[in-house]
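Colleague: Could you take one part of this model and go through it closely, keeping the wider setting for the end? I would like the reasoning spelled out wherever a label depends on a cut-off.

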Amino acid sequence: MSASGQGTAAAPAASRSVIRSMIAATLPVLLLVQLLASAGLELSSFWSQMKQLDGRVARIAESRAQLIAEPLWKMRYTQVASVLAEILQDESIAAATVYDDTGAAVASVPARSAGHGTAEVERPIHYSNGNMAVQAGRIAIGYSYGTLYAEAGKVLERLLVVGLLATLATLIAMRMSANIFIGKPLSIMMSAIQRSKQDGRAYEADIRSSNEFGQLAQAFNGLQLTTSNALERLQYLAWHDPLTGLANRRSLTEQLLLLSGKAHAPDSLVAFCFIDLDDFKGINDTFGHEAGDKFLIHISERLRGAVDAGDWVARLGGDEFVVIRPEVASEAAAQAFAQHLLQAISAPVRLRDKQVVPRASIGLAVRRADDPELSHLPALADIALYHAKSKAPGTIAVLNDALQHDYRRRRELELAIPAGFAEGQFEVWYQSQVRLGGNELVSLEALIRWRHPDLGVIGPAEFLPLIESSGNGSRLTRYVLTDACRALQRLAAAGHPQIRIAINLPPSELADQSFADEMQETCARLGVAPSSLELEITEGSLINNIASAAETLCRLRRMGATIALDDFGTGYSSLAHLRRFPLDKVKIDKAFIRDIPGSAEDKAIVGVIASLAGTLELTLVAEGIERAEQAEAMIEMGVVFGQGYFYQRPQPLDDVLAWLADEQAPWIAEGEASIVPTGASLVSGMAG
Amino acid sequence: MAGFLRALVVAGIACGVLAACGPASAGSLQSRSVVFVSPGKTGEVFWDMVAETMQAAGRKLNMDVEVLRAERNYRTMQELGLGVVARARKPDYLILSNEESAAVPILEAAQSAGIKTLFLSNSLIGDDAVRLGAPRERLKHWLGDITTDLQTAGARMADALIGAARAGKWQSADGKIHILGIGGDEITPASIARNTGLDRAVKAAPDVVVDRMLFANWTQSEAEQATANYLSWAARKNIRPAGIWAGNDPMALGAIKAATAAGLTPGKDIQVVGLNWSEDALREIEAGHLLLTDGGHFLLGGWSIVLLRDYADGCDFADASPHVRVKTSAITRDNLASVGGLIKAHAFDRIAFERFRAKPGHCGQYDFSIEALVASLSSANAARAPGK
């Protein structure tokens with residue numbers, strides 16, 4: 001705003017000023033009018049002087065005629081001539097002649113050089129005495145306007161000079177008065193505008209006159225006030241959440257700067273609480289958005305009520321709130337403060353006549369006021385919040401080094417995902433499923449690993465959520481699918497076409513119809529029968545999209561693929577699911593296997609599941625078999641297939657093929673260690 | 001001593017009685033002193049001739065005439081006159097000419113001084129006449145005036161001109177006789193009278209037109225110019241100029257000159273009349289250029305001495321009138337021979353002034369006609385004989 005404002009402010013300064021334009025427009029007219037007026041006046045004066053001269057010469061002619069009458073009549077022509085000669089004293093008169101009654105010139109005075117503009121006047125000469133009255137002759141006088149012309153020329157010159165001087169004086173007067181009456185008020189207003197632009201506040205133009213500029217200034221001041229109010233309102237809106245009236249995300253940055261700028265004591269601690277409401281989406285879905293907004297207002301009021309005057313509360317958007325306490329004595333005090341907030345939030349709220357107990361998670365970060373990372377407080381608190389939300393919703397997580405370490409590792413992995421794909425860092429390892437008793441390898445589960453160049457091999461539990469959240473889940477699935485199909489090719493080539501490969505299908509793929517097409521296309525391209533593929537799904541993915549999941553599964557099954565329900569027993573363990581979805585296999589979660597044969601309960605559960613599978617004609621697979629007695633227990637309970645370290649750890653396909661090549665003799669337990677590749681001990685794998 | 005004085009007085013009275021009784025010779029008359037203040041210039045013919053006739057008469061009538069000349073300067077005239085009045089030995093008579101009324105202060109001073117004063121040629125006019133009244137009324141010592149009848153002179157001149165024009169059939173295309181009048185001036189009584197005479201004569205002649213009355217200031221040159229102008233004008237107007245009436249001889253001579261210059265022959269193509277009896281005029285008459293010159297009024301000088309002589313001898317001219325008017329006469333080719341010599345030679349001593357004195361019992365009755373003049377003339381030699 002300020003940059004463009006200065007740009008527009010500079011433009012009028014460079015352009016021609018109003019006063020100059022006014023003067024430029026007025027001056028020629030003024031000069032012209034003055035010159036025309038004075039020329040007109042002089043012309044009329046010249047005209048009247050000509051008339052005066054005409055009259056004067058006529059009078060001279062008449063008076064001379066009287067004087068001359070007698071000498072003329074009495075033929076005293078010398079006297080006539082001398083009387084006539086006297087009129088040459090009038091310098092306008094150029095010549096004069098007296099004619100007698102016969103028309104003969106009896107006397108004349110010589111013509112002067114007449115110059116331009118001559119005229120002649122003629123008068124009869126009457127002579128009378130007591131006895132007679134006759135026309136004795138006539139007198140003719142030639143005269144010149146030359147003197148008048150010369151005089152008029154001089155006057156015009158003077159008028160020109162006077163006109164120019166008057167114009168100059170007017171110019172100065174205009175300039176001065178325009179500066180006083182126009183320029184000054186304009187500059188006052190301009191300066192008020194400039195100041196307003198500089199700091200966004202309204203400055204009044206101090207003009208007290210009652211003329212148009214005074215009125216303009218009043219209007220301007222009114223406008224300034226209005227603009228100022230609007231600006232204040234905009235300012236407020238820019239820095240506040242319109243719903244709750246709390247400070248907004250933008251304010252947060254400012255506030256942090258403020259905190260670092262004016263820390264009360266360098267070693268005082270700042271508590272930063274990042275609050276996220278749990279299941280706010282549920283409230284919105286259940287009660288509607290209006291109620292959701294009301295709910296948020298309630299929460300904001302509670303937060304306001306729970307803090308001290310020096311504390312600072314903001315709503316960052318959605319269901320995220322921030323409370324900063326600029327001075328806390330210790331981290332424990334900060335935790336107590338966060339706890340206090342959590343309690344304040346947790347008081348029940350009435351929404352549409354229903355009691356709702358709000359729940360929130362709080363990520364708490366505490367930093368010294370002079371910490372250079374003070375501006376990172378929101379991110380730090382967010383790490384803690386992430387932890388709380390993911391590990392223990394409805395609690396407070398305090399940021400510590402471990403969390404920070406996790407966070408940094410997570411961030412690092414997230415950033416490394418594109419490179420991981422590009423450089424082929426993702427590897428598919430395979431873990432065998434065997435027929436219990438004979439230990440015959442019937443299928444392999446494809447398990448993804450990330451061979452990070454710096455961090456080594458990373459297990460899927462750590463990076464799969466990152467892949468999913470970064471939107472690369474589908475890509476990874478196809479990567480695994482392709483690798484599995486190639487593995488099937490190689491297995492077939494190695495003489496084991498009966499071995500099938502299971503792929504873990506993430507929930508998103510169930511919702512996406514395109515996976516079936518993709519699988520068909522890939523199988524066709526690589527010459528693999530879809531029936532060699534087994535697709536493992538979790539109960540959670542079924543729950544979220546029951547309709548589309550059922551359709552996708554049906555389609556996949558029609559293609560020949562086998563569908564396995566993974567991790568059964570840990571989630572909903574819905575018997576309805578077992579019935580509704582087109583399942584071929586159920587994999588019992590390793591949690592039930594781990595304490596067998598010691599735990600009678602687990603044995604009972606596994607027993608029930610086995611009998612249920614038998615009833616529903618589902619193939620049962622026990623995961624996580626690590627010891628021989630566990631295998632034996634499974635066999636006893638009628639479980640047909642097993643999977644686990646007891647048989648084989650996940651390993652690259654080459655190792656599997658190598659093992660298969662060696663495997664002609666019956667499988668021995670001691671061989672396990674020899675074929676486990678280095679680094680494979682890190683993670684058991686989702687299915688392992 | 002007293003006896004001697006008484007004897008003188010008695011002798012004086014006796015002389016007076018004797019003189020009154022009959023014509024007496026100059027030697028027998030008691031001497032009287034006369035001062036004449038002439039307004040004219042030395043060499044100005046008229047006033048010189050006035051003085052000369054005055055002095056000639058003085059010689060005949062035992063009057064001692066002293067002539068002072070104002071040289072045409074009225075201030076000088078007043079100074080001269082007042083000087084005379086202030087003299088210790090005052091003259092018996094003072095003769096003044098009231099030209100331009102300049103002599104009035106002198107007249108009043110003379111009254112105070114008890115000097116008998118006679119106006120010659122110009123008398124009181126206008127306001128002065130009203131204020132001072134008639135001679136001998138308020139001003140006891142103002143004896144009267146002797147003037148010439150110039151109006152009649154003017155008319156006679158005009159008549160002669162008209163007669164000549166008619167005889168020559170010098171009418172213009174309009175059937176009228178066109179004449180030019182040249183006056184001396186427009187203000188002096190002497191001029192006005194002559195001009196009036198012209199007017200009077202022309203009014204009586206319906207076939208005559210005075211084209212112009214021009215004024216030449218009594219001078220020849222101005223008259224010549226005026227005439228030339230007139231003749232030129234007349235030529236342009238297709239007027240046949242028949243005659244030129246000039247108020248005096250010099251102006252007539254100027255007119256003759258101009259007419260001659262214009263190709264006319266005065267006396268044959270055009271007639272000119274003048275006034276003054278001047279010698280030049282007489283010559284022009286003789287040459288046939290000038291029709292006549294009226295005048296003879298210079299003889300007023302002599303006639304004034306005759307009046308004063310009679311007055312001194314107890315025959316007061318005021319018995320008839322204090323205003324003595326003398327008629328002028330014209331000199332033409334016809335009478336030129338009789339008086340021409342007299343005038344040309346200024347031989348005024350040939351005039352027997354004593355013969356013009358009033359007859360006893362007829363005081364104030366005089367015959368100053370040209371005939372009387374001619375009759376009074378003695379031969380040149382005779383005239384000179386009795387004098388000094």
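Modeller: What follows begins with one strand and its neighbours, moves to a pair of helices, and ends with the second chain and the contact between the chains.

This is a predicted model, and the part I have chosen is strand β1 of chain A, which covers residues 93–100. The strand is mostly covered, since six of its eight residues are buried, a label that requires 20 or more other C-beta atoms within 10 Å of the residue's own. On one side of the pairing pattern, β1(A) is joined by seven bridges to strand β4 of chain A, residues 133–144, and the two run antiparallel. Within that pairing, Thr97(A) has Ala140(A) of β4(A) as its bridge partner. β1(A) is also joined to strand β2 of chain A, residues 105–109, by four bridges, and this pair is again antiparallel. Here Tyr99(A) is the residue that stands opposite Ala105(A) of β2(A). The connection between β1(A) and β2(A) is a hairpin with four residues between the strands, and in its turn Gly103(A) has a positive phi of about 90 degrees.

Elsewhere in chain A, helix α11, residues 401–422, packs against helix α12, residues 460–469, with their axes 10 Å apart and an angle of about 55 degrees between them. Angles from 35 up to 65 degrees fall outside the parallel, antiparallel and perpendicular classes, and α11(A) and α12(A) are therefore oblique to each other. The crossing in which α11(A) passes α12(A) is right-handed. From α11(A), the residues that make the contact are Arg410(A), Leu413(A), Glu414(A) and Ile417(A), while α12(A) supplies Phe463(A), Leu466(A) and Ile467(A). Sorted by class, this contact of α11(A) with α12(A) holds five nonpolar and two charged residues, with no polar ones.

Turning to the second chain, chain B contains 14 helices and twelve strands. Of the 388 residues in chain B, 48% are buried. Among the contacts in chain B with a separation of 6 or more, 76% are between residues 24 or more positions apart.

Finally, the contact between the chains draws six residues from chain A and nine residues from chain B. On the side of chain A that touches chain B, three residues are nonpolar, one is polar and two are charged.

Methods: Residues numbered from 1 in each chain as written. Chains lettered and ligands numbered in written order. Predicted model: local features only at pLDDT ≥ 70, side-chain atom pairs only at ≥ 80, totals over all residues. Contact = placed C-beta atoms within 7 Å. Nonpolar A, V, L, I, M, F, W, Y, C, P; charged D, E, K, R; others polar. Buried ≥ 20, exposed ≤ 12 C-beta atoms within 10 Å, placed from the backbone. Axes fitted to C-alpha atoms, helices over the stretch in contact; angles between N-to-C directions. Parallel < 35°, antiparallel > 145°, perpendicular 65-115°, else oblique. Left-handed = near helix turned anticlockwise from the far one by under 90°. Pairing = 2+ DSSP bridges.
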